[in-house]
Amino acid sequence: MIKPIYLYGSPVLRKVADPADLGNPDEVKQLITDLWDTLGPSEGCGLAAPQIGESRRVVVVDGDVMADVYPYLAGFKRTFVNPVVVEESEETVTYNEGCLSVPGIYCDVTRPKKIKVEYYDANLEKQVEEFDNFAARMIEHEFSHLDGVLFTDLVAQIRRKMLAGKLQKISAGKVGTRYKSRIK
């Protein structure tokens, strides 16, 4: 089911998400379905459960949206349930990021270039996988949501001050989106 995407200012985006209950696979699989259903029409490349109001550690990413810029992402789709980053490179890379929960704002954010992740996939089977470049970027951005961190938190303080007015407008609902959205 397509759910509204919660926007900046919604308390659920600032909570540390609880683990998904693997003992209730039907509930987890429904959440995964809702995330994919919501991500498609939004035209984003990733979505975390808190962004649809569910404070659970579940993320989906879809590289197809970025395949015109990064051809190696064609067909790259992953579901992460209760993910844990077990390794990250010292080497970092800076990309310009945006977010469905922070519409209309884009900032350069520096993150590790490579990560190794342990997670459960859409079939709730344990996986360990390494990611790099923009695949790692998409995943890291969404994992930040699981810890109540938005990409705007990761930019220089002066940049955050410059964004304050725009962020206030979003939290006041004075923003338009091309997808179903809500505050609080």
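**Exercise 1. Find the largest pocket of this predicted model, and work out which residues line it.**

*Solution.* Start with the volume: the largest pocket holds about 540 Å³ of space. Next, look at the lining, which is made up of 24 residues. Those closest to the pocket centre are C45, E97, G98, C99 and Y106. Finally, ask which elements give two or more residues to the lining: they are β5 (92–99), β6 and α2.

**Exercise 2. Take E97 from the pocket lining and decide whether E97 is buried or exposed; then list what E97 touches.**

*Solution.* Begin by placing the residue: E97 sits in strand β5. Its relative accessibility is 4%. The cut-off for buried is under 20%, so E97 counts as buried. Now turn to its side chain, which makes a polar contact of 2.7 Å with the side chain of R137. To complete the picture, leave out residues up to four places away in sequence. What remains is a set of contacts with I105, Y106, C107, V109, R111, R137, H141 and F151.

**Exercise 3. Describe the largest nonpolar core: which of its residues touch the most other members, and which element gives the largest share?**

*Solution.* A general point helps to get going: in soluble globular proteins, nonpolar side chains tend to be buried together. Here the largest nonpolar core has 20 residues, of which F76, F80, F131 and I139 touch the most other members. Two or more residues each come from β3 (58–62), β7 (114–120) and α2 (133–146). The largest share is that of α2, with seven residues. There is also a second, separate core of 16 residues, with L39, L47, V81 and L100 among them.

Now zoom in on I139. Setting aside neighbours within four places in sequence, I139 is in contact with V61, F76, F80, I115 and F131.

**Exercise 4. Stay with helix α2 and characterise F143, a residue of that helix: is F143 buried or exposed, and what does F143 touch?**

*Solution.* With a relative accessible area of 8%, F143 is buried. Once residues up to four places away in sequence are left out, F143 touches V59, F80, P83, V85 and V117. For a sense of the fold, compare sequence with space: F143 and G46 are 97 residues apart along the sequence, and their C-alpha atoms are 10.0 Å apart.

**Exercise 5. Follow helix α3 along its length and say where α3 bends, which of its residues are buried and what covers them.**

*Solution.* Helix α3 runs over residues 157–171 and bends by about 50° at A164. Its buried residues are L163, L167 and I170. Strand β6 (102–112) is included in what covers these buried residues. Just after the helix, G173 adopts a positive phi of about 80°.

**Exercise 6. Compare two residues other than glycine that have a positive phi, E43 and L124: where are they, and is each buried or exposed?**

*Solution.* Take E43 to begin with. Its phi is near 65°, and its place is in the loop between α1 and β2 (46–48). Relative accessibility is 53% for E43, so E43 counts as exposed.

Then take L124, whose phi is about 60°. L124 is found in the loop between β7 and β8 (126–132). With a relative accessible area of 18%, L124 is buried.

**Exercise 7. Explain how S10 is placed: which loop holds S10, and what surrounds S10?**

*Solution.* S10 belongs to the loop between β1 (5–6) and α1 (25–42). Although in a loop, S10 is buried, at 1% relative accessible area. A polar atom of the S10 side chain lies 2.8 Å from the backbone oxygen of L7. Beyond its neighbours within four places in sequence, S10 is in contact with R182, I183 and K184.

**Exercise 8. Finish at the segment before β1 by locating I2 and listing what I2 touches.**

*Solution.* I2 lies in the segment before β1. At 42% relative accessibility, I2 counts as partly exposed. Not counting residues up to four places away in sequence, I2 touches D37, T38, P41 and K180. As a last check on distance, the C-alpha atoms of I2 and T152 are separated by 26 Å, and the two residues are 150 residues apart along the chain.

Technical notes: Residues are numbered from 1 along each chain as its sequence is written. This is a predicted model: local features need pLDDT of at least 70, side-chain atom pairs count only at pLDDT 80 or more; totals for chains, interfaces and linings use all residues. Side-chain values use heavy atoms; hydrogens and water are left out. A nonpolar core is a set of buried Ala, Val, Leu, Ile, Met, Phe, Trp, Tyr and Cys residues joined through side-chain atoms within 4.5 Å. Buried means under 20% relative accessible area, exposed over 50%, partly exposed in between (1.4 Å probe, protein chains only). Helices (H or I, at least four residues) and strands (E, at least two) are DSSP runs, numbered from the N terminus. Contact means heavy atoms within 4.5 Å. The bend at a residue is the angle between axes fitted to the seven residues ending there and the seven starting there. A polar contact is a pair of N or O atoms within 3.5 Å; within protein, one must be able to donate a hydrogen and the other to accept it, and residues adjacent in sequence count only if both atoms are side-chain atoms. On a 1 Å grid over the protein atoms alone, a cavity is a set of points where a 1.4 Å probe fits but cannot get out, and a pocket is an open set with protein on both sides within 12 Å along at least five of seven lines; lining residues have an atom within 4 Å of a point. Grid points are joined across faces, edges and corners, and a volume is the space filled by probe spheres set on the points.
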